[in-house]
Amino acid sequence: MIQSEPRKATTEEVVAELRRREAFVMVSHVKPDGDTLGAGLALGLALRALGKRVHYFQQDPVPRNLRFLPDADRVARELPADLPADALWVFCDMSDTARAGEFLPPLERENVLDIDHHLGNSHFGALNYVLSDECSTGTCVLRLLRPLGTKITPEIATCLLTTIMTDTGGFMHSNTTAEVLRISGELMDLGADRDEITERIFANKRLAATRLLGAALETLRLEEDGKFCWSLVDDAMLARFGADGEDTEEIIGHLRAIEGVDVAALFKAYDGDVRVSLRSSGRVNVQSAAGRLGGGGHFRASGLTFNGSAEAALAAVREALLAEGL
Ligand code: AMP
Ligand code: MN
Ligand code: MN
């Protein structure tokens, strides 16, 4: 029987629980990315191959650039009325259940498995498979698949390589270890379509996204002797280019890549709230900075939702960054 005290789980414990349960709900976080979605789809495909019943819960729609993923069309906000009470809810790539959104039904902890690689994971599941050294949640899932005894099909391999390429920024971020490259090679040998992933995720921008990027770069600001770079995207800018939130993805990387910049921030003031993305070049811990304002993430990449105006968000973020040594 599953433990009800929060604690870290071993691979064997998680695999035993996956074998024991018959029905699953894979849960991804709001504003889904290739890691949360790819990890859930990969594990879902493996469980379905074992004859299990698998559903998906995701509050927001699948972004355009991830719709190519196998089984992405099964992902929805609605759940079947006859979902068994003992279905295991598998949360992928989030440090807290709040990241799954407000439509998540109330759950018993004993029915929750938490698979994640975030530093600040709150161990909200009965089983918490939290491996903070992993580059993606997908590689945590990969560690479960072999002992689970399922074949890694080309579809599963594509989902898993997507998680890696998303969270390493196409093998560019510091989490791209030699081991990550070896695993990626193995996934390609198993049929992962690296070309398609690159095309769909990194080289298939809408014209509106590129025009929006231009405007965000034109209005960027440098502060703190050039160590802090920020820009803002609001509803009016999105409307001007016919863009939406999915078209903002690429902007922050350009801010961070400017010579001398230690931290970049993008303020996303649209769709009714102010969300902030933070990226660090390695000197300042932006996970801690985001944590001061109720957010989270990783040392070099974090985010938060701010309760207030964009101006107030800028002041609060600047203060949090200065407190972290910017
Ligand atoms: P983003 O800037 O949205 O790409 O997010 C970068 C990182 O920060 C990811 O690892 C997210 O999981 C994390 N993150 C973003 N927003 C939040 C939030 N509101 N609370 C906790 N973590 C977040
Ligand atoms: Mn994620
Ligand atoms: Mn991730």
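**Ligand shell and manganese sites**

Me: The shell around ligand 1 has 9 polar, 2 nonpolar and 2 charged residues. What makes a residue polar here?

Reply: Ala, Val, Leu, Ile, Met, Phe, Trp, Tyr, Cys and Pro are nonpolar, Asp, Glu, Lys and Arg are charged, and the others, Gly among them, are polar. The model is predicted, with local features needing pLDDT of at least 70 and side-chain atom pairs pLDDT 80 or more, while totals for chains, interfaces and linings use all residues. Residues are numbered from 1 along each chain as its sequence is written, chains are lettered from A and ligands numbered from 1 in the order written, and side-chain values use heavy atoms, without hydrogens and water.

Me: Which residues are closest to ligand 1?

Reply: His-118, Ser-277, Arg-279, Ser-302 and Gly-303 are the closest of the 13 residues that surround ligand 1. To be near, a residue needs a heavy atom within 4 Å.

Me: Why is the approach of Ser-277 to ligand 1 called a polar contact?

Reply: A polar contact is a pair of N or O atoms within 3.5 Å. An N or O atom in the Ser-277 side chain is 2.6 Å from an oxygen atom of ligand 1, so the pair qualifies. A backbone N or O atom of Gly-296 lies 3.3 Å from a ligand nitrogen atom, and the His-298 side chain has an N or O atom 3.4 Å from a ligand oxygen atom. The protein covers 77% of the 480 Å² accessible area (Shrake-Rupley, 1.4 Å probe) that ligand 1 has on its own.

Me: Which strand gives the largest share of that shell?

Reply: β11 gives 5 residues, the largest share. Strands are DSSP E runs of at least two residues, and helices are H or I runs of at least four.

Me: How do you know that His-29 is a donor of the manganese ion (ligand 2)?

Reply: Donors are N, O and S atoms within 2.8 Å of the metal (3.2 Å for Na, K and Ca). His-29 (NE2), Asp-33 (OD) and Asp-93 (OD) lie 2.0 to 2.3 Å from ligand 2, so they qualify. Water is not among the atoms, so the site may look incomplete. The donors are spaced H-x3-D-x59-D in sequence.

Me: What makes Asp-93 part of both manganese sites?

Reply: Asp-93 coordinates both ions, ligand 2 and ligand 3, which are 4.0 Å apart. His-29 is in the loop between β1 and α2 and Asp-93 in the loop between β3 and β4, so this pair ties together parts 64 residues apart in sequence. At ligand 3 the donors are Asp-35 (OD), Asp-93 (OD), His-117 (NE2) and Asp-167 (OD), at 2.1 to 2.3 Å.

Methods: Polar contact = N/O pair within 3.5 Å; in protein donor to acceptor, adjacent residues only side chain to side chain.
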